[in-house]
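Work through the exercises below with the model open. Try each task before you read its solution.

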Amino acid sequence: MVYFECQKCNETVKKPKLARHLQVCGSGYVSCIDCSKVFAWNEWESHTSCVSEAQKYQGKLYEAKEDNKKGQVKQDAWIDNIEKKIADPASGISPQTKGLLQKLLGFNNIPRKQKPFGNFVKNSVKIWDEKKISEMWEVINSANKAPANASAGATAPNGANAAAGASDAAATAAAKPAAAAAAAAGAKAAGAGASAWRGWKRALDEELQSAPGNELPWKRLRDALVQRYCSEHVAKGENSSDNLGLEFAALACIPEAYLSKSDGLVRLPDKASDA
């Protein structure tokens, strides 16, 4: 709880009793006992909490406990919600209840549970009327109550996610037969491609027959033969990583009759003889 010292009579006064004291004493300034800050007669009400005794005397060496920090953050947020509710013109709080709540906010250790709250109001604020206590708690409860649409909003996305998940699962299940059929077709096609490999010479002739003018540069022909060999043998699960050896095999399969002395092209025999 915050204590103030009257700058006129030097009396130490608890915050809940300070307003009454200032009316009687007529002082215009008070100072906080803990932080020694001076407040004018219309400023001290906003000073709801201050440094602890340990923090005051330990100075820079003071380290707040983590649990205390978390608890204080929750308490401050709880108090802040109440202050916003009181300041809201549309809240519909009666002037009497509003005055009692403002007096209550002078304490920094207000319980957040209803039963301890009632006992605290009776012992600290000296209010014994159960109806008034109930009205105060209703305002506090409504100020800190989570919006109803928050839980609904949290449920809706989960429901949407569940529906989306179910839809995705159904789509996946439906796609499995199609994927299996596609895989089977691919395997069948691969098998057909593998069975089509009938040696380097046949592949050489087919490449030259499909080329413009039935001729290709020897490097391009070599690469095409290696690529064809790899594509047709990988389907069988064979390892064709020895590209250098495959390149030699591809060049070795080219008959001398396909070569020309005048250029680096490889042609079918009738074209080679013409060159």
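**Exercise 1. The hairpin**

Task: In the hairpin of S3 and S4, find how many residues lie between the strands and which residue takes a positive phi.

Solution. This is a predicted model. Start at the hairpin of S3 and S4: 5 residues lie between the strands. Among these strands' surroundings, look at the hairpin's Ser-36, which has a positive phi near 65 degrees. Next, check the pairing. S3 covers residues 29-32, and 3 bridges join this strand to S4. S3 and S4 run antiparallel. For a landmark, take Val-30, which stands opposite Phe-39 in S4.

**Exercise 2. The sheet**

Task: Give the strand order of the open sheet of 4 strands, and say which are its edge strands.

Solution. Begin with the order, which is S2-S1-S3-S4, with antiparallel pairing. Then look for strands that pair on one side only: these edge strands are S2 (12-14) and S4 (38-40). From one strand to the next, the twist averages 40 degrees. Now place the helix. H1 (residues 15-25) packs on the sheet and touches S1 (3-6), S2 and S3. The direction of H1 makes about 125 degrees with that of S2. Finish with the pairing of S1 and S3, which is antiparallel over 3 bridges. Cys-6 has Val-30 in S3 as its bridge partner. Val-30 also stands opposite Phe-39 in S4.

**Exercise 3. One residue in S1**

Task: Is Glu-5 buried, partly exposed or exposed?

Solution. First locate Glu-5: the residue lies in strand S1. Then apply the cut-offs, with buried under 20% and exposed over 50%. The relative accessibility of Glu-5 is 27%, so Glu-5 counts as partly exposed. Now list the contacts, leaving out residues up to four places away in sequence. Glu-5 touches Asn-10, Glu-11, Thr-12, Val-30, Ser-31 and Ile-33. Last, take a distance to Leu-18, 13 residues along the chain from Glu-5: their C-alpha atoms are 9.3 Å apart.

**Exercise 4. Two partners of H6**

Task: How are H5 and H6 oriented to each other, and how are H4 and H6?

Solution. Take H5 (residues 114-125) and H6 (residues 130-143). Their axes are 10 Å apart, and the packing angle is about 130 degrees. Angles of 65 to 115 degrees count as roughly perpendicular, and those over 145 as roughly antiparallel. H5 and H6 are therefore oblique to each other. The crossing of H5 past H6 is right-handed. On the H5 side, the contact involves Gln-114, Phe-117, Gly-118, Val-121 and Lys-122. They meet Glu-130, Ile-133, Met-136, Trp-137 and Ile-140 in H6. By class, this contact of H5 with H6 has 6 nonpolar, 2 polar and 2 charged residues.

Turn to H4 (residues 95-104). H4 packs with H6 at about 75 degrees, with axes 10 Å apart. H4 and H6 are therefore roughly perpendicular to each other. From H4, the contact takes Gln-96, Thr-97, Leu-100, Leu-101 and Leu-104. Their counterparts in H6 are Lys-132, Glu-135, Met-136, Val-139 and Ile-140. The contact of H4 with H6 divides into 6 nonpolar, 2 polar and 2 charged residues.

**Exercise 5. The whole chain**

Task: How many helices and strands does the protein chain have, and what share of its residues counts as buried?

Solution. Count the elements: 11 helices and 6 strands. Then take burial: of the 275 residues, 28% count as buried. Finally, consider contacts between residues at least 6 apart in sequence. Of these, 48% join residues at least 24 apart.

Technical notes: Residues numbered from 1 in each chain as written. Predicted model: local features only at pLDDT ≥ 70, side-chain atom pairs only at ≥ 80, totals over all residues. Heavy atoms only, no water. Axes fitted to C-alpha atoms, helices over the stretch in contact; angles between N-to-C directions. Helix = DSSP H or I, 4+ residues; strand = E, 2+ residues; numbered from the N terminus. Parallel < 35°, antiparallel > 145°, perpendicular 65-115°, else oblique. Left-handed = near helix turned anticlockwise from the far one by under 90°. Contact = heavy atoms within 4.5 Å. Nonpolar A, V, L, I, M, F, W, Y, C, P; charged D, E, K, R; others polar. Pairing = 2+ DSSP bridges. Buried < 20%, exposed > 50% of the residue type's maximum accessible area, 1.4 Å probe, protein only.
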